[in-house]
Amino acid sequence: MNDNLDHAYRQALAEHLNEETEESLSRAYDLGRQALAADFGILDVLLLYDAAFRDAVLTASPAEQSVVALAITNFYREFLSPFEMSFRGYREANLELLRLNEVLATTNTELKQKQTQLIQAAKMASLGELVAGIAHEINNPLAFIISHLKTIEKCLSRARTELGTTVTVAAAELLDRAMNRLHESELGAQRIKHLVVKLRTFSRLDEGERKVVSMRESIQSVLTIVEHRCLGRIDILAEFGEPDLVDCYPSLINQAVMNLVANAMDAIHESGTIWLTTARDVGDFVITVADSGHGIPADLRDRVREPFFTTKPIGEGTGLGLSIAHSIVHKHGGTLDLAPRPGGGTVATIRFPLLSDVS
Ligand SMILES: Nc1ncnc2c1ncn2[C@@H]1O[C@H](COP(=O)(O)OP(=O)(O)OP(=O)(O)O)[C@@H](O)[C@H]1O
Ligand SMILES: [Mg+2]
């Protein structure tokens with residue numbers, strides 16, 4: 001205790017023991033406030049109490065001891081009141097801090113998610129531009145390669161006819177070989193053409209107009225196109241909920257659903273089931289494509305949406321299906337989620353806000 005406080009304390013306690021009054025108690029309270037401000041701890045107060053007890057109670061006559069002990073206790077009760085109040089204040093402030101901390105943690109998580117989405121969107125946008133450029137550059141020379149291949153084929157078969165029986169065995173073999181290689185080149189060129197189509201869909205998502213369509217009809221048309229790939233092997237169970245009429249870019253949504261169904265089919269090696277549902281969830285339209293396939297290994301879950309990431313053999317997968325679907329859903333202001341399906345397989349969920357109730 002500093003000297004001033006020490007002096008005031010002793011004096012106040014002596015006065016209080018001499019005559020316990022309202023005033024002497026409020027003096028004790030005031031000293032408690034000063035002690036608290038001077039960084040006094042509870043242990044310091046206990047030491048003072050102990051010393052006062054020894055000095056005053058033990059030296060009092062047996063008849064007075066209990067009166068003195070009570071007076072000292074009253075004095076300290078008042079002396080400790082400011083401490084008690086400040087502890088309550090701490091406790092309340094602590095609770096408020098804990099609450100604010102929770103708010104901060106939630107805001108932080110939301111910010112991180114937004115940041116990831118923004119980075120993803122920016123990445124997609126710049127990749128889209130790059131891909132559009134490459135697709136354009138490939139498309140022109142590819143067009144004349146394909147058309148020239150056809151001309152070469154015609155020329156070769158005409159040459160064969162012109163030569164007729166005069167053709168030597170060696171020349172005939174060379175012509176056959178040229179024809180075979182030509183067919184292989186045509187297959188290769190067609191593959192490049194398909195890739196270019198996918199690349200263009202990936203980059204030119206602004207094509208096609210937004211309109212209100214029947215989701216049942218739209219998705220059923222997709223299923224009609226892809227069903228032949230799995231007849232007798234995979235059951236496709238579709239359940240169309242309300243609303244049916246939805247305002248969207250129909251050709252793009254078809255494309256996204258087609259990519260998800262294609263992935264589901266690829267994931268089922270022998271036989272299995274694909275469940276397709278549409279429904280409203282509060283203000284969102286939700287399409288799910290679930291499969292009983294082999295599922296996505298946990299360590300690949302973050303990577304599968306990356307453009308060009310594929311686990312399929314060369315020539316079978318371009319790794320663009322999910323990134324295209326992701327960009328399409330993003331264009332609708334929505335999200336594409338992939339989660340393990342209880343019981344095995346994957347559930348892909350497209351969710352985007354319904355613009356207005358058009359049904
Ligand atoms: N339903 C699914 N079940 C299991 N794995 C999946 C599923 N959907 C996607 N994947 C995994 O994600 C990878 C990327 O999928 P994505 O559709 O982007 O490309 P892809 O199917 O490989 O090729 P593409 O769609 O261009 O033909 C796949 O190679 C596959 O490993
Ligand atoms: Mg795919």
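What follows is a walk through this structure, from its domains to its sheet, its helices and its ligand shell. The model is predicted.

Start with the layout of the protein chain. The domain assignment divides it into domain 1 (3–96), domain 2 (119–203) and domain 3 (211–353). The centres of domain 2 and domain 3, taken over C-alpha atoms, lie 31 Å apart.

Now turn to the sheet. It is open and has 5 strands. Their order is 2-4-5-7-6, and the pairing is mixed. Strand 2 (234–240) and strand 6 (335–340) are the edge strands, each paired on one side only. From one strand to the next, the twist averages 15 degrees. As background, the strands of a sheet pair through backbone hydrogen bonds, in a parallel or an antiparallel way.

Take the strand pairs in order, from the strand 2 edge. Strand 2 and strand 4 run parallel and are joined by 7 bridges. Here Ala238 has Leu276 of strand 4 as its bridge partner. Next, strand 4 and strand 5 run antiparallel, with 8 bridges between them. Trp275 is the bridge partner of Ala290 in strand 5. These two strands form a hairpin with 2 residues between them, and Val282 in that hairpin takes a positive phi near 50 degrees.

Strand 5 (residues 284–291) then meets strand 7 (residues 346–353). This pair is antiparallel, with 8 bridges. Two positions mark the register. Val289 stands opposite Ala348, and Ile287 has Ile350 as its bridge partner. The last step is from strand 7 to strand 6, an antiparallel pair with 6 bridges. Ala339 has Val347 in strand 7 as its bridge partner. Strand 6 and strand 7 also form a hairpin, with 5 residues between them. In its turn, Gly343 has a positive phi of about 100 degrees.

Which side chains of strand 7 are buried, and which are not? They alternate along the strand. Thr346, Ala348, Ile350 and Phe352 point to one face and are buried. Val347, Thr349, Arg351 and Pro353 point to the other face and are not buried. The bridge partners fit into this pattern by name: Ala348, opposite Val289, belongs to the buried set, whereas Val347, partner of Ala339, belongs to the other set.

Helices pack on the sheet as well. Helix 6 (residues 215–227) touches strand 2 and strand 4 (272–281). Its direction makes about 170 degrees with that of strand 2. Helix 7 lies across strand 2, strand 4, strand 5 and strand 7. Helix 7 runs at about 20 degrees to strand 5.

Ala238 gives a close view of the strand 2 edge. This residue is found in strand 2. Beyond its neighbours within four places in sequence, Ala238 is in contact with Ile219, Leu223 and Leu276. Is Ala238 buried or partly exposed? Ala238 is partly exposed, because 14 other C-beta atoms lie within 10 Å, while a buried residue needs 20 or more. Looking further away, Ala238 and Leu104 are 134 residues apart in sequence and 42 Å apart in space, C-alpha to C-alpha.

Asp299 sits in the loop between strand 5 and helix 8. It is exposed, because just 7 other C-beta atoms lie within 10 Å, and the cut-off for exposed is 12 or fewer. Asp299 and Thr278 are 21 residues apart in sequence, yet 29 Å apart in space, C-alpha to C-alpha.

Beyond that loop comes helix 8. 9 of its 11 residues are buried, so helix 8 is largely enclosed by the rest of the structure. The buried residues are Gly321, Leu322, Ser323, Ile324, Ala325, His326, Ser327, Ile328 and Val329. Gly333 follows helix 8 and has a positive phi, near 75 degrees.

The tour ends at ligand 1. There are 22 residues around ligand 1, and Asn263, Ala267, Thr310, Gly317 and Gly321 come nearest. Helix 7 (250–267) and helix 8 (321–331) are the elements that give two or more residues to this shell. The largest share, 4 residues, comes from helix 7. By class, the shell has 7 nonpolar, 13 polar and 2 charged residues. Gly321 ties two parts of the picture together: it is among the residues nearest ligand 1 and is one of the buried residues of helix 8.

Notes:
Residues numbered from 1 in each chain as written. Chains lettered and ligands numbered in written order. Predicted model: local features only at pLDDT ≥ 70, side-chain atom pairs only at ≥ 80, totals over all residues. Near = placed C-beta within 6 Å. Nonpolar A, V, L, I, M, F, W, Y, C, P; charged D, E, K, R; others polar. Domains from an automatic or database assignment. Pairing = 2+ DSSP bridges. Axes fitted to C-alpha atoms, helices over the stretch in contact; angles between N-to-C directions. Contact = placed C-beta atoms within 7 Å.
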